[in-house]
Amino acid sequence: MTPDCQSLLSRLCPLHALLDEEGNVVSMGPTLAKILGSTKSAPLLDLFTLKRPVGLSDPRALLGTRTDRLLLTPKEFPKLRLKGALYPVQSGAVLNLSFGLSVKDAVDTFHLTQQDFPAADLAVEMLYLMEANALAMTAAIDVTRRLQTARQRAESASLTDALTGLLNRRGLESAIADLRQAPRPCALVLMDLDHFKAVNDRLGHGAGDHVLKHVARLLREHTRKSDILARCGGDEFTLVLPDISATDLGARLDGLITAVAAPISVEGETCCIGASVGWSLISPERLDHFEELLEITDKALYQAKENGRSCHVMSRVA
Amino acid sequence: MHGLVNCAIERFVRTTYGDQQWRTICAAAALPEQRFEPLLTYSDDITQAIITSASQILKRSAEELLEDLGSSLITGTDDAVVATRRLLRFSGDGFVDFLYGLDDLPDRIALAVPDLRLPELSVQESRPDLFLVRAGRGWPGFLQVIRGVLRAMADEYGVLVLIDLSDDGPEIALEVQVIEISYAAGRAFTLRAG
């Protein structure tokens with residue numbers, strides 16, 4: 001190769017090595033020299049580990065044919081994976097290398113500059129893109145994180161159960177607080193679903209959610225618009241119905257329990273649940289002791305379950 | 001307008017004139033919110049309203065403000081500024097390279113943020129030391145921002161330049177005259193991040 005030719009090669013392919021017939025590196029481009037830290041002539045396999053093709057120990061086997069799919073790592077920097085293409089020339093071969101995806105590692109390790117890449121090379125654009133991409137990703141993650149925080153705050157401030165649209169525990173507490181402002185006689189109803197866990201276990205949580213929505217719909221159908229309906233976690237519902245007689249409520253609960261017990265079809269499957277209810281009638285002045293009333297009514301609910309489920313039991317509150 | 005542009009204006013006003021002035025400007029522009037999401041798109045009217053109201057409240061012409069906005073994108077030690085400066089330095093090895101690279105700048109920016117489309121920029125060399133920069137339509141005042149960017153990038157490369165607005169021709173253009181190519185040391189740039 002003439003000196004002219006070799007200097008042109010160095011400028012076009014600064015990451016090349018010139019091999020002689022024995023597979024020795026006899027000269028190399030300036031960027032490769034920077035990486036290897038020496039331009040001394042040496043056998044190719046002293047400088048590099050050949051990762052592809054696998055199991056080749058004599059580089060002379062490579063020299064005869066054009067090969068595009070070489071993968072080499074410098075002995076000194078095994079992290080750097082260089083892609084290589086070999087072109088046989090008179091009395092040897094030209095091995096041209098590329099950083100491939102290791103370009104960022106290479107720049108970081110060897111402090112490469114624009115001049116270390118050929119003028120028409122895309123490496124600098126690639127580095128730009130990697131850096132820009134990292135920044136854009138940071139911005140996107142930042143936005144997502146802020147949205148998530150906002151969502152969590154909104155959820156914890158919410159009074160509604162997102163699944164059923166009924167009130168949640170906070171919503172119930174706030175509705176009771178409102179009721180205390182203008183006390184009226186009311187009924188407190190606690191309802192648990194029977195065999196609900198079996199639906200979740202057998203058909204999955206999606207089916208469970210479907211059932212809960214269905215029950216919420218039945219609750220709305222069997223109560224009045226002004227009644228307070230809440231789901232306080234899992235399959236436990238709490239209802240507060242102002243100004244209602246025991247007879248009216250009893251009839252509504254009978255209807256509700258019958259409706260809940262009807263088979264529900266979910267995703268082609270049929271499931272059967274039931275509802276056990278405990279309830280009490282409370283006078284306006286006892287609204288201040290709501291927690292206590294809950295405990296008493298919960299005993300009635302327990303009694304309903306003891307009685308064989310799918311029924312309602314009234315508790316005797318003074 | 002892309003949220004990043006509104007964010008840039010917000011950051012510029014807050015760091016240069018303070019949070020109180022920003023709140024006053026937002027109130028005067030009747031903005032529903034005082035902060036922008038960088039990855040959302042907003043109505044162009046909002047951007048225009050901020051610029052108009054900033055100009056009134058800060059008692060500076062919109063042209064001056066936009067030019068300062070341009071240089072504020074590059075000048076300073078804030079993380080965001082350092083990042084932008086680095087990304088722009090990928091455009092060219094020297095200031096003249098950077099000028100030639102302006103043609104590519106909108107594409108280069110779209111590569112980083114695909115929905116952020118800047119108006120076209122064209123660069124014409126009328127003498128080896130005199131360049132004309134023109135901008136496509138779409139963003140009123142865009143050329144003023146570019147003027148600020150060029151002023152700051154010249155500092156960045158350590159080059160002494162004169163930038164004037166010329167409106168001799170059918171459209172306005174920036175006249176960039178390179179007075180001295182190695183006037184100051186300039187800031188070092190490596191491909192290596194951080």
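What follows walks through the chain contact, a helix pair, the nonpolar cores and a sheet in this predicted model.

Start with the place where the two chains meet. Chain A puts 17 residues into the contact, and chain B puts in 15 residues. On the chain A side, two helices, α5 (103-110) and α6 (123-157), each bring at least two residues to the surface that touches chain B. The biggest contributor there is α6(A), with 11 residues. As for chemistry, the chain A side is made up of 12 nonpolar residues, three polar ones and two charged ones.

Over in chain B, helix α1 (residues 3-17) packs against helix α2 (residues 19-28). The axes of these two helices sit 7 Å apart, at an angle of about 135°. An angle over 145 would have counted as roughly antiparallel, so α1(B) and α2(B) come out as oblique to each other. On the α1(B) side the residues involved are B:E10, B:V13, B:R14 and B:Y17, and they meet B:D19, B:Q21, B:W22 and B:I25 of α2(B). Sorted by type, this helix-helix contact holds four nonpolar residues, one polar and three charged.

Next, the nonpolar cores. In soluble globular proteins, nonpolar side chains tend to be buried together. The largest nonpolar core here has 42 residues, and the members that touch the most others are A:A187, A:L188, A:V189, A:L241, A:V277 and A:W279. Strand β8 (residues 186-194) of chain A gives the most to this core, namely seven residues. A:V277 is worth a look on its own. Leaving out residues up to four places away in sequence, A:V277 touches A:V189, A:L190 and A:M191, along with A:L253, A:I257, A:L301, A:A304 and A:H312. Another core, of 38 residues, lies apart from the largest one; among its members are B:L88, B:L102, B:I146 and B:A154.

Finally, chain B has an open sheet of four strands, ordered β1-β2-β4-β3, with antiparallel pairing. In general, strands of a sheet pair through backbone hydrogen bonds, either parallel or antiparallel. The edges of this sheet are β1 (121-127) and β3 (160-166) of chain B, each of which pairs on one side only. Ignoring direction, neighbouring strands are turned by 25° against each other on average. At the β3 edge, seven bridges tie β3(B) to strand β4 (residues 173-180) of chain B, and the two run antiparallel. Within this pair, B:S166 is found opposite B:A173 of β4(B).

Terms used
Residues are numbered from 1 along each chain as its sequence is written. Chains are lettered from A and ligands numbered from 1 in the order in which they are written. This is a predicted model: local features need pLDDT of at least 70, side-chain atom pairs count only at pLDDT 80 or more; totals for chains, interfaces and linings use all residues. Two residues are in contact if their C-beta atoms, placed from the backbone, lie within 7 Å. Ala, Val, Leu, Ile, Met, Phe, Trp, Tyr, Cys and Pro count as nonpolar, Asp, Glu, Lys and Arg as charged, and the others, Gly among them, as polar. Axes are lines fitted to C-alpha atoms, for helices over the stretch in contact, and angles run from 0 to 180 degrees between N-to-C directions. Angles under 35 degrees count as roughly parallel, over 145 as roughly antiparallel, 65 to 115 as roughly perpendicular and the rest as oblique. A nonpolar core is a set of buried Ala, Val, Leu, Ile, Met, Phe, Trp, Tyr and Cys residues joined through C-beta atoms within 7 Å. A residue is buried if 20 or more other C-beta atoms lie within 10 Å of its own, exposed if 12 or fewer, and partly exposed in between; C-beta atoms are placed from the backbone. Two strands pair if DSSP finds at least two bridges between them.
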